[in-house]
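Visitor: I'd like a close look at one part of this model, please. Could you start there and then walk me outwards?

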Amino acid sequence: ILENRTHYPVTKVRRDAMKIGFIGAGKVGFSLGKYFADNNQEITGYYSEFEKDAIEAAEFTNSKVYRNQKDLVKDSEMLFVTVPDGVIEKVWNQVKTYDVSGKIICHASGALSSEVFSDISELKGFGFSIHPLFAVSDKYNSYKELSGSYFTIEGSEQKINVVKSFLEKMGNNVCIISKNDKVKYHASAAIASNLVVGLISLSERLLTECGFDEKSAHEALAPIIKGNVNHIINDGVTKALTGPIERNDITTVKKHLEILDDNDKEIYKKLSLEVVNVAEKKNKDRDYSKIKETLK
């Protein structure tokens, strides 16, 4: 096993650095490890069922490859279980057979809470879910964008401020949420990320039905997508809103509904009702009751 390779610059470790280990060496493990290392934290190393992945991650973060979980747990103050959601509990059931007293054990799932770490209080450890509100898509490059991401955390009250401070010292905004809100939180992230992809796919398909080929449909929509997203980011959703619903143009909305098939019509109606809520905030003097009746 190759350890402590020097292909990547070695960063100076902070005096108050946390010793952080990772079980799992996929995109999230890669990205968080590199991000923490670049912020002068001490990465102890990686263990993975797929040793090749652990070697790559260790090289990327100038850390060690571990051949067993027990040694990694022993050497780490904070341990991230960065494996697929469906495997986290299985990994924890192995990890909790070791000495986790005083250890901060984390996962990075958006949907699961810290409750997946069963019995951790009795074992005198501290369980957390720590999730960057960001789509990690590339294991070698996504870490570069984590500095601008919000992190949400929930878990042990005894160490919640320690974990919050740990992230804030790297310049991140942090929001503490309840374990009961994790699924709703994850739904929000999915709507802003995955479901937007679905909406743009629908929009592109409608253009192809008008005579565009797939490439030209994609290119034609790019400016309006970019402009809308930039306006939302810079000015907020209320100021960014335009279009027939905002104008209270019920005639155009009815025409849209007439040409859409049943499935697309339902998507249009449900989303349009949410748009009406935004429009009512923007134009408090307008009566949107008739357009709401049409959409319902």
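Visitor: Leaving aside its neighbours within four places in sequence, which residues is Lys159 in contact with?

Guide: Gladly! Beyond the neighbours within four places in sequence, Lys159 is in contact with Phe126 and Phe128, contact meaning heavy atoms within 4.5 Å. Before we go on, please note that this is a predicted model, where local features need pLDDT of at least 70, side-chain atom pairs count only at pLDDT 80 or more, and totals for chains, interfaces and linings use all residues. Residues are numbered from 1 along each chain as its sequence is written, and side-chain values use heavy atoms, with hydrogens and water left out.

Lys159 is found in the loop between E7 and helix H5 (160-168); helices (H or I, at least four residues) and strands (E, at least two) are DSSP runs numbered from the N terminus. With a relative accessible area of 27%, Lys159 is partly exposed, on a scale where buried is under 20%, exposed is over 50% and partly exposed is in between (1.4 Å probe, protein chains only). The charged end of Lys159 sits over the ring of Phe126, 5.2 Å from its centre. That wording requires NZ of Lys or CZ of Arg within 6 Å of the ring centre and within 35 degrees of the ring normal. Lys139 offers another example, its charged end sitting over the ring of Phe30 at 4.7 Å from the centre. Along the chain, Lys159 and Gly125 are 34 residues apart, and their C-alpha atoms are separated by 9.9 Å.

E7 also borders another loop, the one between E6 and E7, where Ser149 has its place. Ser149 is buried, at a relative accessible area of 5%. Apart from neighbours within four places in sequence, Ser149 is in contact with Leu133, Phe134, Asn172 and Asn173.

E6 and E7 lead us to helix H6, whose buried residues pack against strand E5 (104-107), strand E6 (126-132), strand E7 (151-155), helix H7 (214-235) and helix H10 (262-282). Those buried residues are Lys182, Tyr185, Ala189, Leu202 and Leu207. H6 has a kink of about 40° centred on Ile191, the bend being the angle between axes fitted to the seven residues ending there and the seven starting there. From helix H10, Ile267 touches Leu199 and Leu202, not counting residues up to four places away in sequence. Ile267 counts as partly exposed, at 33% relative accessibility.

Now for the rings. The structure holds eleven aromatic pairs, that is, rings of Phe, Tyr and Trp (its six-membered ring) with centres within 6.5 Å, called stacked if the planes are under 30 degrees apart, edge-to-face if over 60 and tilted otherwise. Phe22 and Tyr46 form a stacked pair, 5.0 Å centre to centre with 15° between the planes. Since Phe22 lies in strand E1 (residues 19-23) and Tyr46 in strand E2 (residues 42-47), the pair ties together parts that are 24 residues apart in sequence. Both Phe22 and Tyr46 are buried, and ring pairs link them with Tyr35, Phe36, Phe80 and Phe166 into a cluster.

Phe36 and Phe80 also appear, with Ile20, Met78, Ile130 and Leu167, as the residues with the most contacts inside the largest nonpolar core, which has 34 residues. Such a core is a set of buried Ala, Val, Leu, Ile, Met, Phe, Trp, Tyr and Cys residues joined through side-chain atoms within 4.5 Å. Helix H1 (residues 27-38) gives the largest share of this core, five residues.
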